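Me: I have a structure open and would like to learn how to read its sheets and one of its loops. Could you walk me through it?

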Amino acid sequence: MEVITVTSKGQDPSRFISNFTNSIRFSEDYEVGLLKIAYPPVINVSDKNNKIYISKKGVSSTTVLEIPTGFYETTHDVAQAIYEVLTEFQDEEMNTSVIFRYSTSGTADHAKLSLQFEDKKTVFVVNEMTVGNVLHLLEYRIKKFTARTLTIQNYDLPAHDQLGFIYSSIVSNSLIDYRVSRLLDTVAIRTPKNGGHCLFEVQNPVFHDVSAASFIDISFEIHDIDGNFLQFHNDLPTILTLGIRKKRNHSI
């Protein structure tokens with residue numbers, strides 16, 4: 001059995017193409033299976049939950065800012081991102097300068113920090129109109145309030161396990177729910193606590209017919225159960241190890 005390792009380096013970890021210097025050819029019928037995959041964490045802050053809503057007392061309008069999307073290990077990481085966005089924001093009519101305080105009392109696991117606007121008229125806003133409010137990640141679940149100060153306890157952000165469907169151009173077509181598909185394998189996608197790679201080794205690889213006798217590149221896509229591309233943290237590549245072997249002859 002030949003073993004090929006490919007990576008998404010420099011590309012999107014959920015959709016990438018691996019190019020080979022020379023064409024790979026097979027003289028006989030071969031089949032391919034996934035042996036293992038190392039993948040980066042799935043992001044937990046996306047464009048659906050990264051909004052900061054702020055307003056000035058006495059003013060009806062609300063300003064919307066966004067923290068960068070990505071994988072955040074803890075609530076304090078999110079708070080740090082909020083602080084940086086507010087510090088960088090410049091507006092003549094609204095002062096968003098923030099006082100950042102860190103409490104050293106207790107253990108580091110239960111430490112608290114606070115973000116307080118220097119201007120007493122500037123407030124954070126939560127209501128039915130503030131869709132995707134990042135404060136929901138910080139356990140601010142009250143449906144309607146304004147606050148000049150946020151107090152945030154440090155804890156790990158929850159990770160949601162899910163299935164990843166790996167498709168590849170090297171795999172021959174097969175039927176899934178009565179649709180033609182090039183599914184290589186399904187794997188459990190888990191988020192490691194340290195934010196690094198998570199390794200999944202396939203105990204009993206399922207081998208599929210190779211789609212062509214030769215190829216110069218292979219494309220890969222990783223989707224969730226709804227068919228959407230998984231949103232991996234882009235700082236790390238996906239690494240796939242494939243096994244390619246001659247098809248086994250089965251006597252009838």
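Reply: We will go through two sheets and then one loop residue. This is a predicted model, in which local features need pLDDT of at least 70 and side-chain atom pairs count only at pLDDT 80 or more, while totals for chains, interfaces and linings use all residues. Residues are numbered from 1 along each chain as its sequence is written, and side-chain values use heavy atoms, with hydrogens and water left out.

Me: In what order do the strands β2, β17, β11 and β14 lie in their sheet?

Reply: Strands are DSSP runs of E with at least two residues, and helices are runs of H or I with at least four, numbered from the N terminus. Two strands pair if DSSP finds at least two bridges between them. Here four strands make an open, antiparallel sheet ordered β2-β17-β11-β14. The edges are β2 (15-25) and β14, each with a single partner strand, so one side of each has no neighbour in the sheet. From one strand to the next, the twist averages 20°; such angles run from 0 to 180 degrees between N-to-C directions, with axes fitted to C-alpha atoms, for helices over the stretch in contact.

Me: Which residues stand opposite each other in β11 and its partners?

Reply: Strand β11 (residues 162-168) pairs with β14 over six bridges, and F165 faces T186 in β14. With β17 (residues 214-223), β11 shares four bridges; there Y167 has E221 as its bridge partner.

Me: Is β14 mostly covered or open?

Reply: Buried means under 20% relative accessible area, exposed over 50%, and partly exposed in between (1.4 Å probe, protein chains only). In β14 (residues 183-189), six of the seven residues are buried.

Me: What lies across β6, β7 and β10?

Reply: Those three strands form an open antiparallel sheet in the order β6-β7-β10. Helix α1 (residues 75-88) lies across them, at about 20° to β7. Between β7 (residues 112-117) and β10 there are five bridges, and S114 is partnered by T151 in β10.

Me: Why does N49 count as buried?

Reply: N49 sits in the loop between β3 (30-39) and β4 (51-56), and it counts as buried because its relative accessibility is 19%. A polar contact is a pair of N or O atoms within 3.5 Å; within protein, one must be able to donate a hydrogen and the other to accept it, and residues adjacent in sequence count only if both atoms are side-chain atoms. The N49 side chain reaches the backbone oxygen of N44 at 3.1 Å and the backbone nitrogen of S46 at 2.7 Å.

Methods
Contact means heavy atoms within 4.5 Å.
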